[in-house]
Amino acid sequence: MSTPLLTLGTRGSALALAQAYETRDRLVAAHGCAPEEIAIEVFSTRGDEILDKALTEIGGKGLFTEELEASLHGGGIDFAVHSSKDMPTELPDGLELSIFLPREDVRDVFITRNGETLETLPQGAVVGTASLRRAALVKRVRPDLRTEVFRGNVQTRLQKLADGVVDATLLAHAGLKRLGLRPPSMQVLDPEAFPPALAQGAIGIETRTGDARVRDLLAPIADTETGVTVACERAFLSALDGSCRTPIAGHATLAGDSLELSGIVLKEDGSASHTIAATGVAADAEAFGRATGAALKAKAGAGFLPHWTEGSA
């Protein structure tokens, strides 16, 4: 059997595979090669295997990337395909997020069993989510609701909801679209009132730093606008010490050479928050994102979140 042109690595969930196939199909179209020339290597990560604990308890976002990155470092795969919102802001030495595919819908959706919305869900109802951001935003709007840790892939969470484990849950609209799913009781949330995770909706491709052959082969499928906005958002998140233990949301948009960024940081119980909105230059996306994140952190104050008092402010 001939050596493939490229070998990509991916997690094994239905959504991860859908993203891997989209990446493969774009490469096939760009290079006019056969699909089998873009090999797909599937990995199981610790984040996929440990589902009974919150990510904050078991190591954070890196749990979804470690196995792929080890193979990437060792040359077992040429690049890894990720949901960009799941990527730590600091990557291992020698690796980089080099390109992004065109971004899907950034919004969250609120899903219930019986057709209620976030506003009409009965008092004291239980909302399942593994995201501190989503939990804090829910409590900001509806402090009477209870939230519980709710992990698993998209289909697992939808089945748990149908089985009555919780009364409602939240998912990324992008993931549902990529899977061709539209739950009947689905409320698409306004991103201004319920802002998304930084980099939500963007497929990111991680490569070895300096691997010119792979970068050249990937270049035709890179989306410039997504690259600019996600670079800005990830820099903003990094400046805020963003992690699974920090409820942060935000979104950057590009209009010509102008970049607009809005963001929010919340207390975990949604009882307090600080927001920011700024305009910058696309050519300075990362610096602008970092500066805006630093400004929001200064606005909130060193003691706003408990771990900011550890010398990070």
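## Two sheets, a helix pair and a pocket

Strand 3 (residues 79–83) and strand 10 (residues 203–208) run antiparallel and are joined by five bridges. Within this pairing, Ser-83 stands opposite Ile-203 of strand 10. The model is a predicted one, in which local features need pLDDT of at least 70 and side-chain atom pairs count only at pLDDT 80 or more, while totals for chains, interfaces and linings use all residues. Residues are numbered from 1 along each chain as its sequence is written, and side-chain values use heavy atoms, with hydrogens and water left out.

A few words on terms will help. Helices (H or I, at least four residues) and strands (E, at least two) are DSSP runs numbered from the N terminus, and two strands pair if DSSP finds at least two bridges between them. Strands of a sheet pair through backbone hydrogen bonds, either parallel or antiparallel.

**The sheet with strand 10.** Here five strands form an open sheet in the order 2-1-3-10-4, and the pairing is mixed. Strand 2 (38–43) and strand 4 stand at the edges with a single partner strand each, so one side of each is left without a neighbour in the sheet. On average, neighbouring strands are turned by 35° against each other, direction ignored. Angles run from 0 to 180 degrees between N-to-C directions, and axes are lines fitted to C-alpha atoms, for helices over the stretch in contact.

**The other sheet.** Another open sheet of five strands has the order 7-6-8-5-9, again with mixed pairing. Its edges are strand 7 (146–148) and strand 9 (186–188); each has a single partner strand, so one side of each is left without a neighbour in the sheet. Inside it, strand 6 (residues 126–128) pairs with strand 8 (residues 168–172) in the parallel sense over two bridges, and Gly-128 stands opposite Thr-169 in strand 8.

Which helices touch these strands? The table lists them, with contact meaning heavy atoms within 4.5 Å.

| Helix | Strands | Angle |
|---|---|---|
| Helix 1 (residues 14–31) | strands 1, 2, 3 and 10 | about 160° with strand 1 |
| Helix 4 (residues 66–74) | strands 1, 2, 3, 4 and 10 | about 40° with strand 10 |
| Helix 5 (residues 132–141) | strands 5, 6, 7 and 8 | about 125° with strand 8 |
| Helix 6 (residues 154–162) | strands 5 and 8 | about 160° to strand 8 |

**The helix pair.** Helix 9 and helix 10 pack at an angle of about 35°, and their axes are 7 Å apart. Among the residues making the contact are Ala-231 and Phe-236 of helix 9 and Glu-286 and Phe-288 of helix 10. By class, this contact has 10 nonpolar, three polar and three charged residues. In this scheme Ala, Val, Leu, Ile, Met, Phe, Trp, Tyr, Cys and Pro are nonpolar, Asp, Glu, Lys and Arg are charged, and the others, Gly among them, are polar.

**The second largest pocket.** Its volume is about 350 Å³, taken as the space filled by probe spheres set on grid points joined across faces, edges and corners. A pocket is an open set of points on a 1 Å grid over the protein atoms alone, where a 1.4 Å probe fits, with protein on both sides within 12 Å along at least five of seven lines; lining residues have an atom within 4 Å of a point. Of the 19 lining residues, Leu-97, Phe-100, Ala-231, Arg-234 and Glu-286 are the closest to the centre. Strand 4 (95–100), helix 9 (224–239) and helix 10 (285–300) each supply at least two lining residues, and helix 9 gives the largest share, six residues. The lining has eight nonpolar, four polar and seven charged residues.
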